[in-house]
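Q: I am new to this structure and would love a close look at one part of it. Could you pick a single strand and walk me through its surroundings?

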Number of protein chains: 2
Amino acid sequence: MITGHTQLFGIIANPVAQVRTPQVLNTIFDRRGLDAVLVPMQVDTEALPKAFEAFRGFNNMGGFIVTVPHKTAALNLCDEVSMAARDIGAVNTVRREASGRLVGDMFDGRGFVQGLIAEGRDPAGRRVLLVGAGGAAAAIGYALAEAGVRSLTIANRTRAKAEDLAARIDHFFPAVKVDSADANPQGYDLIINSTSLGMRAGDELPFPADLLEPGQLVAEIIMKPRRTQIMDIAMKRGCMVHEGSHMLTHQAELMVNYMLGQEYGVRL
Amino acid sequence: MITGHTQLFGIIANPVAQVRTPQVLNTIFDRRGLDAVLVPMQVDTEALPKAFEAFRGFNNMGGFIVTVPHKTAALNLCDEVSMAARDIGAVNTVRREASGRLVGDMFDGRGFVQGLIAEGRDPAGRRVLLVGAGGAAAAIGYALAEAGVRSLTIANRTRAKAEDLAARIDHFFPAVKVDSADANPQGYDLIINSTSLGMRAGDELPFPADLLEPGQLVAEIIMKPRRTQIMDIAMKRGCMVHEGSHMLTHQAELMVNYMLGQEYGVRL
């Protein structure tokens with residue numbers, strides 16, 4: 001029951017009808033016994049800075065989620081963001097502090113890592129090949145380094161982008177070996193497809209799947225289709241596979257913790 | 001269940017914890033089978049213009065209720081307001097049109113009139129004495145004239161304020177006889193206390209209750225206490241009485257209709 005006491009949260013997107021964040025986060029609020037509600041806010045690009053400006057004066061607001069197409073713009077509208085979020089170039093969760101300050105961070109990558117851990121596939125200590133060097137790859141790369149992988153190798157069609165991302169992550173996490181290479185899966189424990197290849201029938205493969213070795217773990221971030229072509233091939237070759245949906249499912253708890261000002265580290 | 005499809009409504013107030021609008025309006029949404037939710041927004045005075053500015057770009061927002069202390073300021077933040085709202089000097093309900101335009105109106109007085117009608121006490125054709133000439137009196141006075149009372153007499157301790165309000169209402173509703181007089185209840189069908197006298201024990205009476213006549217209707221807008229001293233005296237003298245709570249209860253349906261762009265006249 002929503003009353004005048006209920007704390008307000010939002011999901012900002014455009015369009016917003018397709019988001020599942022209200023169902024997922026309101027279920028978490030219920031389960032935790034919180035008097036809080038998250039509502040959809042379809043905010044156009046022009047209104048985004050105005051929304052941030054207004055929310056500083058919304059004293060019963062706890063925070064909000066930001067998604068397509070606003071994740072990049074949100075970065076510069078916060079009063080403070082994590083160094084990783086600044087380097088990734090995107091924010092997807094904003095906490096509103098009691099003073100009105102808006103503090104942002106990025107949980108896409110941490111959600112992915114949390115999903116691995118929840119499925120018993122903790123990436124700590126593993127040798128990881130991350131295929132792709134776009135926004136999703138950046139978020140996942142930082143989160144993997146934060147989670148303590150043994151090595152992180154980034155492969156991308158445009159090699160310079162892979163080198164650049166590897167150098168940036170390496171700068172933040174000197175204890176992790178970060179480099180770039182071709183998309184050859186041989187010798188890795190975990191291979192992650194962070195490209196959009198596999199969403200559409202007829203897409204080329206993101207990496208040469210005939211080189212996969214039994215016992216390797218192949219992870220997707222694509223949610224539709226649930227089983228991509230690379231997952232099919234991986235299973236036939238004796239690999240384990242990890243669905244894209246885990247990333248979203250496990251991100252939600254982290255986002256809630258962050259907005260409530262609670263501990264939100266990868267290992268909850 | 002709130003989803004990405006749910007239409008967003010708000011109640012803007014400061015503080016907001018005490019408002020009952022979320023319970024009342026969400027119950028109406030449910031009863032009408034609407035996929036809509038109203039949430040509390042505790043907005044401080046400085047943020048109010050920013051909230052209006054932002055909401056123009058909130059494409060899934062249907063509208064919002066405005067209450068203390070923002071009803072006066074809201075008037076000048078709308079893109080359009082009714083002539084009555086402008087003259088009353090306050091807005092308490094804002095509809096967001098598909099273009100983003102914010103259109104405001106005032107329903108306090110209409111809620112009062114609707115409450116009378118719902119209780120079988122239609123003021124149309126009645127001779128009315130309205131005691132008080134403040135914001136509440138103005139809203140009620142316009143709504144009574146709109147509802148087609150036979151005459152409306154305004155009584156106020158500062159007589160000039162009563163004369164001014166009477167002249168303004170008379171200008172809008174030339175068919176209704178509107179004037180000012182002393183707070184003498186003799187000869188009226190309906191006497192309304194729109195002052196705050198009666199909220200506190202020991203308040204003086206808003207008008208000389210010993211002049212009330214059997215069969216007259218005495219109406220309050222005070223909600224706490226539910227039975228004011230003037231109501232007690234009126235009942236002892238054989239008058240009918242009308243509680244302050246009816247005003248709020250019956251205003252809610254009008255507000256919902258208005259925000260949805262439906263007919264919201266006094267006679268639904």
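A: Happily! A term for the overall picture comes before the strand: the radius of gyration is taken over C-alpha atoms, and the globule rule is 2.2 Å times the number of residues to the power 0.38. This is a predicted model. For the 268 residues of chain A, a compact globule would have a radius of gyration near 18 Å, and the chain's 19 Å agrees with that. Its C-alpha atoms fill a box of roughly 60 × 35 × 35 Å along the principal axes. Chain A has nine helices and twelve strands, and 51% of its residues count as buried.

Now to the part for our close look, in chain B: strand β6, residues 102-105. In a regular strand the side chains alternate between the two faces of the sheet. Here, B:L102 and B:G104 are on one side, with B:V103 and B:D105 on the other. These four residues are all buried, so both faces of the strand are covered.

What about its partners? Strand β5(B), residues 93-96, runs antiparallel to β6(B), and four bridges join them. The two form a hairpin with five residues between them. In that turn, B:G100 has a positive phi of about 100 degrees. Strand β4(B), residues 80-81, pairs with β6(B) in the parallel sense, over two bridges.

B:V103 is a good residue to find on your screen. In β6(B), B:V103 is the bridge partner of B:R95, and B:V103 is also the bridge partner of B:E80.

Note on methods
Residues are numbered from 1 along each chain as its sequence is written. Chains are lettered from A and ligands numbered from 1 in the order in which they are written. This is a predicted model: local features need pLDDT of at least 70, side-chain atom pairs count only at pLDDT 80 or more; totals for chains, interfaces and linings use all residues. A residue is buried if 20 or more other C-beta atoms lie within 10 Å of its own, exposed if 12 or fewer, and partly exposed in between; C-beta atoms are placed from the backbone. Two strands pair if DSSP finds at least two bridges between them.
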